[in-house]
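Grab a pencil and open the viewer. Below are some exercises, each with a worked solution to check against your own reading.

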Amino acid sequence: MRIKRLKLTGFKSFVEPTELQIERGLTGIVGPNGCGKSNLLEAIRWVMGENSPKSMRGGGMEDVIFAGTAQRPQRDFAEVSLLAEHDSGENIPGVIANDDDEELEVVRRIERGAGSAYRANGRDVRAKDIALIFADAATGAHSPALVSQGRIGAIIAAKPQERRMMLEEAAGISGLHVRRKDAEQKLRAAETNLNRLATILADMDARAATLKKQARQAERYRKLSGEITQAEARLIFVRWKEAKAAAEAARAEADAAGAVVEQASIGQRELTALQQDAVRKLADDRAAAMAARDAASDLSNRLVQLTSERDRLI
């Protein structure tokens, strides 16, 4: 893998977008102290997956974002893009859709309060994928090829274990250790899942036994419910027959009572007619009696008058 281009935006002292082309051969960067030469090396390490703020000469990972000066405000994010050329035989897991593509662009972006994210050839990837890509290419954030200040002395004073790691990385087998570690983690996770599955299966067996018992109870309940429903239906039928017989008897009694009422109504109408005739006759008789009484009164008065006249004549 060969680095071809490095882009920085808001990373430490590189507040404005800066692009560094790395041509074939030897590329040298010179300048006075404090001009940002070390920041370029740290940007390469950072985009390769460095997660130690101490290694980035900061107290926190957000310290890589431009903090601002008296003349310029601070930035809210920092972004580093690294374009590299890789061999067709190198393994790029789950990043490049086209295996014939010979270039790999890795972008790391960090925002204040939101953490950092990685993209490889325009696709979102995990930090572990980025570390595995560079490990397969015998490089990475902790590669001995990235020599910073004091690194030479550290290599000379390195312990055998550290020298072994350097040799393995130079031999291109460090990616195998990363993959082995990842495989071991997956194996431990699988064992944990198997143990959890065994617990779940035991719990499911207990639940299955309980469900079988509940199923038998439900079957018995369904059978008893059917028998109860049938018995209730028979009882309702018997009560319906009794109610029907009682209704027919009541209807017959009502018909008989209706006939009696009809006869009584006819008699009542006849008596009413006779009563009306008697009332008319009584009225006529009363009128005749009143006329006779008036006539008798007139005759009595005439008799008294005639008697008085006779007595005067005598």
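## Warm-up: the whole chain

The protein has an accessible surface of about 22,300 Å², and 56% of that belongs to carbon and sulfur atoms (areas come from the Shrake-Rupley method with a 1.4 Å probe, and for residues only the protein chains shown count as cover). A word on ground rules: this is a predicted model, where local features need pLDDT of at least 70, side-chain atom pairs count only at pLDDT 80 or more, and totals for chains, interfaces and linings use all residues. Residues are numbered from 1 along each chain as its sequence is written, and side-chain values use heavy atoms, with hydrogens and water left out.

## Exercise 1: the overall layout

Work out the secondary structure of the protein and its pattern along the sequence.

**Solution.**
- Step 1. Count the elements: there are five helices and six strands. Helices (H or I, at least four residues) and strands (E, at least two) are DSSP runs, numbered from the N terminus.
- Step 2. Read along the sequence, and you get β-β-α-β-β-β-β-α-α-α-α.
- Step 3. Check burial: 21% of the 314 residues are buried. Buried means under 20% relative accessible area, exposed over 50%, and partly exposed in between (1.4 Å probe, protein chains only).
- Step 4. Look at the contacts (heavy atoms within 4.5 Å): among those between residues at least 6 apart in sequence, 61% join residues at least 24 apart.

## Exercise 2: following E4

Find the strands that pair with E4, and a residue opposite in each.

**Solution.**
- Step 1. Start with strand E3 (residues 77-85), which pairs with strand E4 (residues 103-111) in the antiparallel sense over nine bridges. For two strands to pair, DSSP has to find at least two bridges between them.
- Step 2. Pick a spot in that pairing: leucine 83 faces glutamate 105 of E4.
- Step 3. Now go on to strand E5 (residues 115-120), which is antiparallel to E4 over six bridges. Here isoleucine 110 is opposite serine 116 in E5.
- Step 4. Inspect the turn: E4 and E5 make a hairpin with three residues between them, and glycine 113 in the turn has a positive phi of about 75°.

## Exercise 3: positive phi without glycine

Look up phi for arginine 57 and asparagine 121, and say where each residue lies.

**Solution.**
- Step 1. Arginine 57 has a positive phi, near 60°, though the residue is not a glycine. Arginine 57 is in the loop between helix H1 (37-47) and E3, and is exposed at 55% relative accessible area.
- Step 2. Asparagine 121 also isn't a glycine, and its phi is positive too, near 55°. Asparagine 121 lies in the loop between E5 and strand E6 (123-125), partly exposed at 27%.

## Exercise 4: two buried residues in H1

Which residues do asparagine 39 and glutamate 42 touch, leaving out those within four places in sequence?

**Solution.**
- Step 1. Asparagine 39 lies in helix H1 and is buried, with a relative accessible area of 9%.
- Step 2. Contacts of asparagine 39, apart from neighbours within four places in sequence, are Phe11, Lys12, Ser13, Phe14 and Arg57.
- Step 3. Zoom in on the side chains of asparagine 39 and arginine 57: a polar contact of 3.0 Å joins them. (A polar contact is a pair of N or O atoms within 3.5 Å; within protein, one must be able to donate a hydrogen and the other to accept it, and residues adjacent in sequence count only if both atoms are side-chain atoms.)
- Step 4. Glutamate 42 is in H1 as well, buried at 7% relative accessibility. Not counting residues up to four places away, glutamate 42 touches Phe11, Lys12, Ser55, Met56 and Arg57.

## Exercise 5: salt bridges

How many salt bridges does the whole structure hold? Describe a few of them.

**Solution.**
- Step 1. The search gives 16 salt bridges, each a side-chain nitrogen of Lys or Arg within 4 Å of a carboxyl oxygen of Asp or Glu.
- Step 2. One of them joins the side chains of glutamate 16 and arginine 72 (2.2 Å, N to O). These are distant parts of the chain, 56 residues apart: glutamate 16 is in the loop between strand E1 (2-9) and strand E2 (18-21), and arginine 72 in the loop between H1 and E3.
- Step 3. Arginine 45 and glutamate 50 form another, with the closest N and O atoms 3.3 Å apart; both residues are buried.
- Step 4. Finish with the network of salt bridges that links Arg2, Arg24 and Glu85.
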